Amino acid sequence: MADLVVKDLRLRLGDNEILKGISLNVTPGQVVALLGPSGSGKTTLLRAIAGLEQPHGGAIAIGDHVFYDATRGIELPAEQRGLGLVFQSYALWPHRSVFDNVAYGLKLRGTPVAEIKSRVEKTLAQIGLGPLAERYPHQLSGGQQQRVAIARALVYEPPVLLLDEPLSNLDAKLREEARAWLRTLIVTLGLSAIHVTHDQVEAMAIADKVVLLDAGIVAQIGPPTALYNDPATLFAAEFMGSNNRLDGTLLENAGGRAIMELFGERIVGVARTQAAKGGKAIGIIRLERVHCASMPGPNRLKMQLKAPMYLGERWELVFVREQLSVRTYAAAPLQPGEHYVEFPPEALWVF
Amino acid sequence: MPIILYRTLVLGVTTLAVVAPLSLVVYQSFLTAPFFDHSARASVSAYSFVFADPDFWQAFWTTIVIAGGMAAIAVPLGALLAFVMVRTDVPARRHLEPLILIPIFVSAVVIAFGYVVAVGPVGIFSTMAKNVFGVVPWNLYSLFSLIAIAGLTHVPHVYLYSAAALRGLSTDMEEAARVSGANPLQVALNVSLPMIGPAILFAGVLVFFLGFELFGLPLVLGDPQDVLVLSTYLFKLTNKLGVPSYQLMAVVVVVIIAITAPLVFMQRLLLRHAQRYVSVRGKGLKTQPLKLHAWRWFAFAAIVFWLFITVVVPLFGITLRSFVVTWGEGVKLAEVLTLDHYRELLDYPNVVRGILNTLGIGVIGGAISVACYTAIALAVHRWNSGWTRLVDYLVMVPRAMPGLVAGLALLWVFLFVPLLSPLKSTMASIWLAYSIVWLAYGMRLVSGTLLQVGPELEEAARVVGADDLRAKRDVTVPLIKYGMLASWLLVFLIFVREYSTGIYLLGPGTEVIGSLLVSLWGTGAIDLVSALSVVNVVMIGVGLGVAVRLGVRLHG
């Protein structure tokens with residue numbers, strides 16, 4: 001089986017350019033997360049791949065099977081793409097039983113009745129809904145409905161499974177369980193999937209590869225660890241994780257190291273900018289990478305501790321100095337007053 | 001079948017059905033003789049003739065006075081009624097609601113006959129009043145009575161739109177006014193009703209427009225005084241010159257449509273505006289109804305009095321009349337009771353056919369119509385194309401044609417197209433006319449139902465592998481079954497009530513109760529008319545009962 005390839009996809013709704021040239025590919029067996037803030041175009045991209053939105057430029061194909069190609073004027077309707085799509089609202093047909101919801105795709109493909117029965121039962125068993133085949137959607141819980149929606153998209157073995165925020169309608173506790181369950185299911189069945197989400201933790205947990213979208217363009221593509229530990233842009237750095245932002249002046253920028261000035265101190269970090277010295281610099285560092293110290297030292301700033309907050313498994317500390325506020329975590333609370341806050345050079349990105 | 005073929009087909013047939021009658025009328029209006037007459041030539045002489053006729057101008061101005069008067073009566077009463085019903089603690093609200101809508105569903109000719117036999121010069125209430133006062137203190141056959149009755153019977157139309165708007169409005173502003181010290185009437189006049197102004201304005205234009213469609217009331221109540229409105233003027237033209245003066249009728253039809261079409265267009269704009277206005281919704285909190293205290297019984301009595309005048313008096317009158325041989329001064333009721341009029345109905349084969357045809361057009365015709373409306377609605381449903389606008393406008397065209405006019409236009413189509421002529425004297429002609437006249441209403445019912453089906457349900461079917469038509473067949477249609485059933489019931493009610501559309505198409509085989517009533521009234525067969533009216537009312541009553549029982553919303 002070949003890769004699903006999206007090339008320079010462009011899409012407009014009214015005067016609004018939603019997708020501004022998106023390219024990505026999904027290799028067989030890979031789970032790709034489309035991640036981005038609301039309005040970044042991730043759901044639109046998924047719907048365009050499914051054939052529910054009309055692009056005006058670019059191409060979508062799996063090997064020789066061309067779904068869409070603007071230059072060749074090809075546009076397959078959704079029903080001829082053979083993909084599986086799980087809707088955010090699940091979109092289960094209320095007038096059909098669980099069995100009939102799942103069986104419909106096979107029925108449309110002219111599968112013999114006996115085979116439909118065995119395949120639907122097998123799929124329902126795989127997702128743990130075997131005994132509920134005769135129920136109607138309104139008789140199921142949210143989690144069960146979600147599984148039916150997945151079964152309906154899986155049963156005819158689509159080359160790629162498309163998931164549109166499938167976990168967003170579940171409550172927080174259930175969502176974490178469903179996340180692990182979904183990842184296991186996809187891996188055991190060896191499926192390829194594109195998973196849309198606005199939740200970065202969910203994206204990193206479930207995907208082999210994360211595509212970060214920003215206002216209709218790809219901000220960064222890479223494995224979850226790369227996105228988290230090595231963001232390419234300020235947007236990517238700020239979108240992933242919880243961050244502190246330091247605004248200062250760039251003193252030096254050479255050999256991958258950048259030095260910025262803050263309150264007269266020299267703070268060293270990893271250069272993420274080509275800018276020459278003298279300009280503005282923005283330092284980004286994850287909350288959990290900030291340390292507290294009791295004495296001055298390299299890459300440390302003197303700051304006032306304000307408001308320690310108890311979060312259960314740890315404390316969150318907020319330090320301030322003039323306009324700057326820095327948050328970090330600690331195992332135990334510190335005394336309010338003056339402290340030195342350290343920014344390890346390898347964990348601070350300077351943009 | 002690919003969806004594009006389906007859409008082309010549906011759009012083509014609809015356009016033809018709507019545009020053909022209209023174009024034929026316009027064409028006919030510019031001829032010197034009926035279109036089938038070989039001596040017919042193109043000319044504007046028909047226009048000069050009609051515009052030179054003082055009766056035409058008399059009818060024209062009378063129509064405007066009646067339509068304006070109707071609106072002046074129905075709008076304030078309907079709006080106030082809506083406020084009382086939606087916002088206050090008036091007693092028995094839930095039982096009053098369906099009763100209020102009765103005047104919408106009862107045929108206007110039946111109401112008119114009812115008034116004649118109840119409060120006409122020798123009506124039962126008139127004779128009673130004469131016994132008490134020595135004279136009849138009212139005169140049914142006056143322009144004023146006609147306007148008053150037309151106004152009172154159209155209160156429900158205003159009520160429907162005002163009540164819907166009020167329900168969508170948050171009560172915060174009203175509560176603020178009460179806290180500031182306003183009494184219920186002040187709340188209504190200063191806050192609530194101004195807030196739903198756009199909806200009331202829409203209802204006002206609607207009632208004014210319905211004034212031009214009025215036919216049954218002026219035909220029955222205006223005739224003895226020679227009060228003509230445009231529709232009755234058109235009706236009388238049929239016989240005016242002895243020969244079929246189609247070109248003159250066509251001119252009158254063109255004039256009527258020239259007035260109603262802009263009104264329909266205006267309603268469309270206003271409705272859109274009104275809906276935008278109402279979208280300022282509250283938090284959906286169930287608030288306490290406004291307490292009217294002692295006034296609640298006054299409000300209740302006022303509503304009951306209005307129901308008495310507009311529903312009880314005419315329906316009681318016509319029912320009683322159908323069971324007596326005669327009445328008048330000195331006649332004892334017990335001595336004149338009879339069932340003969342109902343037996344007599346069976347002696348007339350055309351009346352029997354009319355009753356069966358009416359049931360048939362309501363039940364079977366209604367079902368086919370709903371199927372057609374659904375087919376059209378499905379063709380344009382979620383279709384991202386400029387062609388959907390065409391359907392929007394197409395639907396408005398028949399709306400601008402009063403039933404009498406549409407029936408006439410359809411008759412001409414059947415005469416004009418040789419291929420269709422054999423259908424002229426079958427119920428197919430009636431069905432086609434009814435379906436076209438009620439196209440806008442039916443489409444609104446069906447589209448309303450369709451909008452409740454989420455787009456992702458159809459999309460899910462598409463992704464799973466169903467093409468567009470298959471997805472509609474397997475997902476959308478099963479999901480709107482209940483809505484279609486409800487639409488069928490409502491279409492049954494209006495088809496059974498309909499009287500004006502079938503008048504020109506009336507002939508052996510195409511009798512329906514409505515058009516028979518009009519033609520029998522012309523012969524003075526009051527016994528038959530009253531019995532047949534009661535049969536009609538009973539049919540509608542049964543339909544309404546089923547609808548209320550099934551919880552069908554009585555308005556689209």
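**Entry 1: α19 and α26 of chain B**

I began with α19(B) and helix α26 (residues 481-497) of chain B, whose axes lie 8 Å apart and pack at an angle of about 135°. Helices here are DSSP runs of H or I with at least four residues, strands are runs of E with at least two, and both are numbered from the N terminus. I noted that axes are lines fitted to C-alpha atoms, for helices over the stretch in contact, and that angles run from 0 to 180 degrees between N-to-C directions.

α19(B) and α26(B) are therefore oblique to each other. My key for that word: angles under 35 degrees are roughly parallel, over 145 roughly antiparallel, 65 to 115 roughly perpendicular, and the rest oblique. The crossing of α19(B) and α26(B) is right-handed; that is, the near helix is turned clockwise from the far one by less than a right angle, while anticlockwise would be left-handed.

Next I looked up who touches whom. On the α19(B) side, the contact includes Thr358(B), Ile361(B), Gly365(B) and Val370(B). On the α26(B) side, I found Trp488(B), Phe492(B) and Phe495(B) among them. Two residues are in contact if their C-beta atoms, placed from the backbone, lie within 7 Å. By class, this contact has 10 nonpolar, 7 polar and no charged residues. The classes are: Ala, Val, Leu, Ile, Met, Phe, Trp, Tyr, Cys and Pro nonpolar; Asp, Glu, Lys and Arg charged; the others, Gly among them, polar.

A note to self: this is a predicted model, in which local features need pLDDT of at least 70 and side-chain atom pairs count only at pLDDT 80 or more, while totals for chains, interfaces and linings use all residues. Residues are numbered from 1 along each chain as its sequence is written, and chains are lettered from A and ligands numbered from 1 in the order in which they are written.

**Entry 2: α19 again, with another partner**

Helix α19 (residues 349-380) of chain B also packs with helix α22 (residues 427-437) of chain B, at about 55° and with the axes 10 Å apart. That angle makes α19(B) oblique to α22(B). The contact brings in Gly360(B), Ile368(B) and Cys372(B) of α19(B), among others, and residues of α22(B) including Trp431(B) and Tyr434(B). I counted no charged residues in it, with 7 nonpolar and 5 polar. The crossing of α19(B) and α22(B) is right-handed.

**Entry 3: α3 and α12 of chain B**

Helix α3 (residues 54-87) of chain B and helix α12 (residues 197-213) of chain B cross at roughly 145°, and their axes come within 8 Å. Their crossing is right-handed. Ala67(B), Ala71(B) and Gly78(B) are among the α3(B) residues in the contact, and Val207(B) and Phe208(B) are among those of α12(B). The contact divides into 12 nonpolar, 5 polar and no charged residues.

After α3 comes a loop leading to α4 (93-100) of chain B, and Ala92(B) is in that loop. Its phi is near 55°, a positive value in a residue other than glycine. Is Ala92(B) buried or exposed? Ala92(B) counts as exposed, since it has 11 C-beta neighbours inside 10 Å. The rule: buried means 20 or more other C-beta atoms within 10 Å of the residue's own, exposed 12 or fewer, partly exposed in between, with C-beta atoms placed from the backbone.

**Entry 4: over to chain A**

Chain A has 8 helices and 21 strands. Its C-alpha atoms fill a box of roughly 75 × 50 × 35 Å along the principal axes. Of its 351 residues, 39% count as buried.

The domain assignment, which is automatic or from a database, gives domain 1 (4-235) and domain 2 (242-350) of chain A. Their centres, taken over C-alpha atoms, are 39 Å apart.

I then picked Ile206(A), in helix α6 (residues 200-206) of chain A. Ile206(A) is buried, with 25 other C-beta atoms within 10 Å. Leaving aside residues up to four places away in sequence, Ile206(A) touches Val31(A), Ala33(A), Arg179(A), Leu182(A), Arg183(A) and His195(A).

**Entry 5: where the chains meet**

How many residues of chain A are in contact with chain B? I found 18, and they meet 14 residues of chain B. Helix α2 (residues 98-108) of chain A gives the largest share of the chain A side, 3 residues. That side has 12 nonpolar, 3 polar and 3 charged residues.
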